[in-house]
Each structure stands twice: as structure tokens, then as C-alpha cells.
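Colleague: I'd like to learn how to read a sheet. Could you walk me through one?

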Amino acid sequence: MMQLAIQEPYMLTIQPDDFFISPRRLDENFGTMICFHRRYDLGDEHNYGDNEDFLKDLYLKTVWNDEKGEEKYDRLLDRLSKQPDTPFGSREYACAVNQALMAEIEKEHIVLPLYLYDHSTLAMSMESFVGRAVHAEWDSGQVGWIYVSKADIRAEYQVDRITPSVREQAENRLKDEVRIGKPSFLK
């Protein structure tokens, strides 16, 4: 439905955008959004099968993206699977693997979680929606990550060292890429 408003000498026309293209595809972005959802095309294009593939790839890019890196990755998984409080295949094991990978990844990247709320509207945030939106316990969850390498941060801000202030600026820039205004249904 098209709407028209005229106030001389101006005319305003509002009409649906039938050819919507995600701003992530049009603009140059500071960060990279990697999302996994069975119904929605979210974030940037990627070829990762799942979250584990993504974290492994980022881990290998951080350590060594070669045979030595693969061996280090395998040793990490093996060590964690032998701990009594993280039996292989358990939720605790998966959490321990993610924690260990992130500890290494965050040496060379800033990586922040992405959450989706899907309840008659879609909203994305870097914070959980639980406690902030109706039915968020069922209708929301983590769908991916947004990240930027520290090398890209140093180049963008033309610095040799990432100070707390530069890190905060980079994180705020990532947050701005995710947030285009706070939806009114959030607390």
C-alpha cells in the first residue's frame, strides 16, 4: 500500500520495498556475522555447517591453520573428553570445548554472541532476551556470533596496540552493526 503526503513544495511517498536487500550485503561491515538458523537467512554468507565448524575454523586461524593446528585441536578435544566432569558427548563437554576454543580465539579476535527473538517479530541482540521479552524462554536463543580480528581493529583504528578504549570502540561498533534501535517490546 502506497501512502502520499503533500505539503507544498514537498511531496512524500511511502511504499513497500519489494526488492529488499540486507544491509549486510550492501555495506562494508567492520565485523562478520556468522549465524545458524533453519528458517532464516541471518548474518553474512558462509559455508560453515554448524557452530562447531565455525569455532574450529576460527581456532585454527588463531593458532596455526595447518597440520600442527589440527593436532593441537585434537589434543584439546582429547584432554577435555578425559576429564571426569566433561564426559564426551555431554552438554558439559560441549561447553568446555567452546570455552577452551574461545580462550584461544579471543587472543586474536573479539567475538560476541548473537541472540535471536522470534515471536511474531524478529529481533537480534548481543544479550539474551530472557527476562527482557515475553516468552523469550521458548522463542529466543543464541544463533551465532559477530567477530572481528585484532589485526583488522589495529588497521581500522591505526594503532599498534589495542587499549581498553580501542577495544570498547570496536565492541561498540560491532554492537551498532547488530542493533538498529531497541525494539519497543524489550524491557
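Modeller: Happy to; we'll go strand by strand, and please keep in mind that this is a predicted model.

Colleague: Thanks! Which order do the strands of the open sheet have?

Modeller: Start from the pairings and read across. Here the order is E3-E6-E4-E5, an open sheet of four strands with antiparallel pairing. At the edges are E3 and E5 (122-125), each of which pairs on one side only. From one strand to the next, the twist averages 25 degrees.

Colleague: How many bridges join E3 to E6?

Modeller: Four bridges link strand E3 (residues 32-35) with E6, and the two run antiparallel. To find the register, pick a residue and look for its partner: Cys35 has Gly144 in E6 as its bridge partner.

Colleague: And over how many bridges do E4 and E6 pair?

Modeller: Nine, again in the antiparallel sense, with strand E4 spanning residues 109-118. A handy place to look is His109, whose bridge partner in E6 is Ser149. E4 also pairs with E5, antiparallel over four bridges; there, Leu116 is matched with Met124 of E5.

Colleague: Why is E6 described as largely enclosed by the rest of the structure?

Modeller: Burial is judged by relative accessible area, with under 20% counting as buried. Strand E6 covers residues 140-149, and seven of its 10 residues are buried, so the rest of the structure largely encloses it.

Colleague: Which strands does helix H2 lie across?

Modeller: Helix H2, residues 51-62, lies across E3, E4 and E6. Its direction makes an angle of about 20 degrees with E6.

Conventions: Residues numbered from 1 in each chain as written. Predicted model: local features only at pLDDT ≥ 70, side-chain atom pairs only at ≥ 80, totals over all residues. Heavy atoms only, no water. Buried < 20%, exposed > 50% of the residue type's maximum accessible area, 1.4 Å probe, protein only. Pairing = 2+ DSSP bridges. Axes fitted to C-alpha atoms, helices over the stretch in contact; angles between N-to-C directions. Contact = heavy atoms within 4.5 Å.
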